[in-house]
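Me: Got a minute to go through this fold with me? I'd like to get a feel for what sits where.

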Amino acid sequence: MAAPDQVVNLEEKFAAFDEQWSPKIVGEINDLQLKVAKVQGEFVWHTHEDTDEFFFVRSGRLTILLRGRDDVTLGPGEFFVVPKGVEHCPSAEEECEILLLEPIGVVNTGDASDTDMTAEEEWI
């Protein structure tokens with residue numbers, strides 16, 4: 001676990017794993033966790049009823065499909081916040097590296113937590 005006064009090297013964190021759609025926790029601030037993930041292909045449609053979800057693209061391109069709204073495509077250095085209660089499905093044609101900021105304990109698949117894409121909580 002990264003202490004609040006510790007330097008975290010994201011280059012090293014992203015190099016430490018290869019799994020797709022399996023967010024890794026790299027830090028905490030107040031009641032939030034900073035997670036890194038490598039993604040490619042399409043995730044599952046899901047909703048987080050009680051929290052917004054922050055996506056920041058470090059490399060690659062990420063499209064966030066939004067039910068009943070225009071889709072959002074992000075490139076390196078861009079972020080988007082999916083409002084709580086909005087059904088969404090992240091997707092990336094090529095491998096994409098992202099950072100997520102979520103309240104502690106949020107499950108990556110939200111209300112679709114019975115899928116094999118649900119990730120176990122893991123610090124790196």
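**Chat about the model**

Reply: Sure, let's start with a tryptophan: Trp21 is buried, with a relative accessible area of 10%. Keep in mind that this is a predicted model.

Me: Where does Trp21 lie?

Reply: Trp21 lies in the loop between α1 and β1. Its phi is near 55 degrees, a positive value in a residue other than glycine.

Me: Which other residue has a positive phi although it is not a glycine?

Reply: Asn30 has one, at about 55 degrees. Asn30 belongs to the loop between β1 and β2.

Me: Is Asn30 buried or exposed?

Reply: Asn30 counts as exposed because its relative accessible area is 71%, and the cut-off for exposed is over 50%.

Me: Back to the tryptophan. What empty space does Trp21 line?

Reply: Trp21 helps line the largest cavity. That cavity has 13 lining residues, and those nearest its centre are Trp21, Pro23, Phe43, Leu100 and Asn108.

Me: How many cavities of 30 Å³ or more does a search of the whole structure find?

Reply: Just one cavity of 30 Å³ or more turns up in the whole structure. The volume of the largest cavity is about 90 Å³.

Me: Which strands supply the lining of the largest cavity?

Reply: β2, β3 and β7 each give at least two residues to that lining. The largest share comes from β7, with four residues.

Me: What classes of residue are in the lining of the largest cavity?

Reply: Nine of the lining residues are nonpolar, two are polar and two are charged.

Me: Where is Pro23?

Reply: Pro23 sits in the loop between α1 and β1. Pro23 counts as buried because its relative accessible area is 12%, and buried means under 20%. Its C-alpha atom is 9.9 Å from that of Val107, and the two residues are 84 residues apart along the chain.

Me: OK, changing topic to charges. How many salt bridges does the structure hold?

Reply: There are seven salt bridges in the structure. One of them joins the side chains of Glu11 and Arg58, at 2.5 Å from N to O. Glu11 is in helix α1 (residues 10-15) and Arg58 is in strand β3 (residues 53-59), so this pair links distant parts of the chain, 47 residues apart.

Me: How exposed are those two, Glu11 and Arg58?

Reply: Glu11 is exposed, with a relative accessible area of 54%. Arg58 is partly exposed, at 26%.

Me: What about Lys24, which residue does its side chain meet in a salt bridge?

Reply: The partner of Lys24 is Glu122, at 2.9 Å from N to O. This pair also links distant parts of the chain: Lys24 is in strand β1 (residues 24-29), Glu122 is in the segment after β7, and they are 98 residues apart.

Me: Is Lys24 buried or exposed?

Reply: Lys24 counts as buried because its relative accessibility is 2%, and the cut-off for buried is under 20%. Glu122 is partly exposed, with a relative accessible area of 35%.

Me: And which residue forms a salt bridge with Glu102?

Reply: Lys35 does, with the closest N and O atoms 2.8 Å apart. Glu102 is in strand β7 and Lys35 in strand β2 (residues 32-42), with their positions 67 residues apart in the chain. Both Glu102 and Lys35 are buried.

Me: Which residues do salt bridges that share partners join into one network?

Reply: Glu11, Arg58 and Glu97 make up one such network.

Me: Now pockets. How much space lies in the largest pocket?

Reply: About 170 Å³ of space lies in the largest pocket. It has 14 lining residues, and the closest to its centre are Lys35, Val106, Ala119, Glu120 and Glu121. By class, the lining has five nonpolar, four polar and five charged residues.

Me: Last thing, the surface. Which residues make a nonpolar surface patch?

Reply: Ile29, Leu32 and Leu101 make one of about 220 Å². Leu101 is found in strand β7 (residues 88-103), and it is partly exposed, with a relative accessible area of 30%.

Technical notes
Residues numbered from 1 in each chain as written. Predicted model: local features only at pLDDT ≥ 70, side-chain atom pairs only at ≥ 80, totals over all residues. Heavy atoms only, no water. Patch = residues over 30% accessible without salt bridge, like charges linked within 9 Å, V, L, I, M, F, W, Y side chains within 5 Å. Areas by Shrake-Rupley, 256 points an atom, 1.4 Å probe, with all protein chains shown as cover. Salt bridge = Lys/Arg side-chain N within 4 Å of Asp/Glu carboxyl O. Buried < 20%, exposed > 50% of the residue type's maximum accessible area, 1.4 Å probe, protein only. 1 Å grid on protein atoms, 1.4 Å probe; cavity = no way out; pocket = protein on both sides within 12 Å on 5 of 7 lines; lining within 4 Å. Points joined across faces, edges and corners; volume = space filled by probe spheres on them. Nonpolar A, V, L, I, M, F, W, Y, C, P; charged D, E, K, R; others polar.
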